[in-house]
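Me: I am new to this structure and would like to learn how to read it. Could you walk me through it step by step?

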Number of protein chains: 2
Amino acid sequence: MHLTISPGTPGEALDQLLELVVLISEDMTQTLARDGLTVPRAHLVWLLHHGGATTQRALADALKVSPRNVTGLVDGLVATGLVTREPHPTDRRATLVSLTDRGASTLAEMDRGHRELATLLFGDMADRQFGSFVDGLGHVLRRLREELNASGEGAP
Amino acid sequence: MHLTISPGTPGEALDQLLELVVLISEDMTQTLARDGLTVPRAHLVWLLHHGGATTQRALADALKVSPRNVTGLVDGLVATGLVTREPHPTDRRATLVSLTDRGASTLAEMDRGHRELATLLFGDMADRQFGSFVDGLGHVLRRLREELNASGEGAP
DNA sequence: TATTGTTATACTCTATAACTATA
DNA sequence: TATAGTTATAGAGTATAACAATA
């Protein structure tokens with residue numbers, strides 16, 4: 001037998017999803033601040049962590065942000081000792097941005113925090129519930145990607 | 001019989017959740033921009049829509065933001081014709097912020113967009129899948145609220 | 001001629017501190 | 001004395017445009 005316990009309307013589900021977005025953003029901002037990081041700067045160092053040293057140009061493309069903006073983000077990260085700017089070995093116009101040792105250990109701590117959060121959120125979920133939730137999440141993600149692709153077109 | 005189709009690890013589920021946060025933020029920012037709104041300004045007019053005219057002080061408390069910040073948000077909304085500042089009827093220190101007609105119709109459009117997004121995301125989900133997803137969402141939300149309360153304590 | 005990163009300028013969101021006008 | 005909202009000042013993130021050095 002199957003009991004449906006008032007799953008609510010789509011509108012209510014969206015409200016919950018929006019609350020989730022707000023709470024996750026707050027949690028991330030709070031956690032990153034303890035390492036002296038902001039969300040945009042954390043995004044940049046995360047790219048270095050997972051892709052190695054790169055030019056600011058490549059970072060601007062990956063972050064979908066202006067080159068000028070990257071200059072500011074790197075300035076801040078250099079000031080707090082998490083990254084360095086070095087001359088590019090073959091292209092004298094470009095600079096290579098690399099993680100410092102301290103930057104690398106900060107990233108290791110972020111990885112640990114990431115795993116802890118995953119355990120907190122999903123650790124005590126029953127396997128079947130977890131599977132259903134991930135399925136639903138996949139459905140919503142596909143719809144959202146379609147929507148953003150559709151509305152992003154037509155813009156030269 | 002019950003087939004579990006590789007639901008993935010908690011870490012992967014969290015990555016999907018984080019992608020969802022990014023995509024919803026992008027979609028909201030993009031949609032609001034069409035109405036000349038930013039996320040913080042939209043939050044403010046949403047409060048007026050659902051609570052009626054109020055003082056800037058009350059808005060600052062509700063938005064958990066400094067009074068100075070509200071001055072700036074209201075300045076912008078007045079400039080774009082979505083709200084008005086009027087003298088408070090009984091307290092001459094305070095100002096009442098109200099939606100203009102144009103502000104109200106913008107809000108009506110936002111409500112419509114909200115319903116459309118809910119339909120897009122959940123409209124063609126099977127009832128059982130929708131119910132399971134909402135259950136999982138509730139679980140995650142409870143954990144997150146606990147986490148933020150716990151880490152938010154001890155701060156005088 | 002095209003590209004990399006910078007300086008110059010500007011806008012939005014955010015904060016604290018000092019001040020004005022009122023309670 | 002306390003409160004509502006402002007001006008003053010500052011910092012972070014974002015953008016475009018003009019410019020330098022180098023490809």
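Reply: Gladly! Keep in mind that this is a predicted model. Let us begin with charged pairs: there are four salt bridges between chain B and chain A. In one of them, Arg143(A) pairs with Asp124(B), and their closest N and O atoms are 2.5 Å apart.

Me: Which elements of chain B give two or more residues to the side that touches chain A?

Reply: They are α1 (10–34), α5 (101–122) and α6 (127–152) of chain B. The largest share comes from α6(B), with 20 residues. Sorted by class, that side of chain B has 25 nonpolar, 15 polar and eleven charged residues.

Me: How should I read the size of an interface?

Reply: It is often given as the accessible area lost when the parts come together. Here, the area buried between chain B and chain A is about 5,300 Å², and carbon and sulfur atoms give 74% of it. Leu14(B), Leu144(B) and Leu148(B) supply 10% of the area that chain B buries against chain A, more than any other three residues. As for residues in the contact, chain B brings 51 and chain A brings 51.

Me: What rotation superposes chain B on chain A?

Reply: In general, two copies of a chain are related by a rotation about an axis and a shift along it. In this model, a rotation of 180 degrees with 0.0 Å of shift along its axis places chain B on chain A, with an RMSD of 0.1 Å. That is the relation of a two-fold axis.

Me: Why do the copies meet through the same surface?

Reply: Because 100% of the interface residues of chain B are also interface residues in chain A.

Me: Now for the DNA. Which residues come nearest to DNA strand D?

Reply: Of the 21 residues around DNA strand D, the nearest are Thr38(A), Asn69(A), Arg92(A), Arg57(B) and Thr71(B). By class, the surface near this strand has four nonpolar, eight polar and nine charged residues. Its largest share, three residues, comes from α4(A).

Me: What part of DNA strand D do the atoms within 4 Å of the protein belong to?

Reply: Sugar or phosphate accounts for 73% of those atoms, and bases for the rest. Two examples involve phosphate oxygens: one is 2.7 Å from a polar backbone atom of Arg92(A), and one lies 2.9 Å from a backbone N or O atom of Thr95(B). Arg93(A) uses its side chain, with a polar atom 3.5 Å from a sugar or linking oxygen of the strand.

Technical notes
Residues numbered from 1 in each chain as written. Chains lettered and ligands numbered in written order. Predicted model: local features only at pLDDT ≥ 70, side-chain atom pairs only at ≥ 80, totals over all residues. Heavy atoms only, no water. Contact = heavy atoms within 4.5 Å. Buried area = accessible area lost by both parts, 1.4 Å probe. Salt bridge = Lys/Arg side-chain N within 4 Å of Asp/Glu carboxyl O. Helix = DSSP H or I, 4+ residues; strand = E, 2+ residues; numbered from the N terminus. Nonpolar A, V, L, I, M, F, W, Y, C, P; charged D, E, K, R; others polar. Least-squares fit on C-alpha atoms with pLDDT ≥ 70 in both. Near = heavy atom within 4 Å. Polar contact = N/O pair within 3.5 Å; in protein donor to acceptor, adjacent residues only side chain to side chain.
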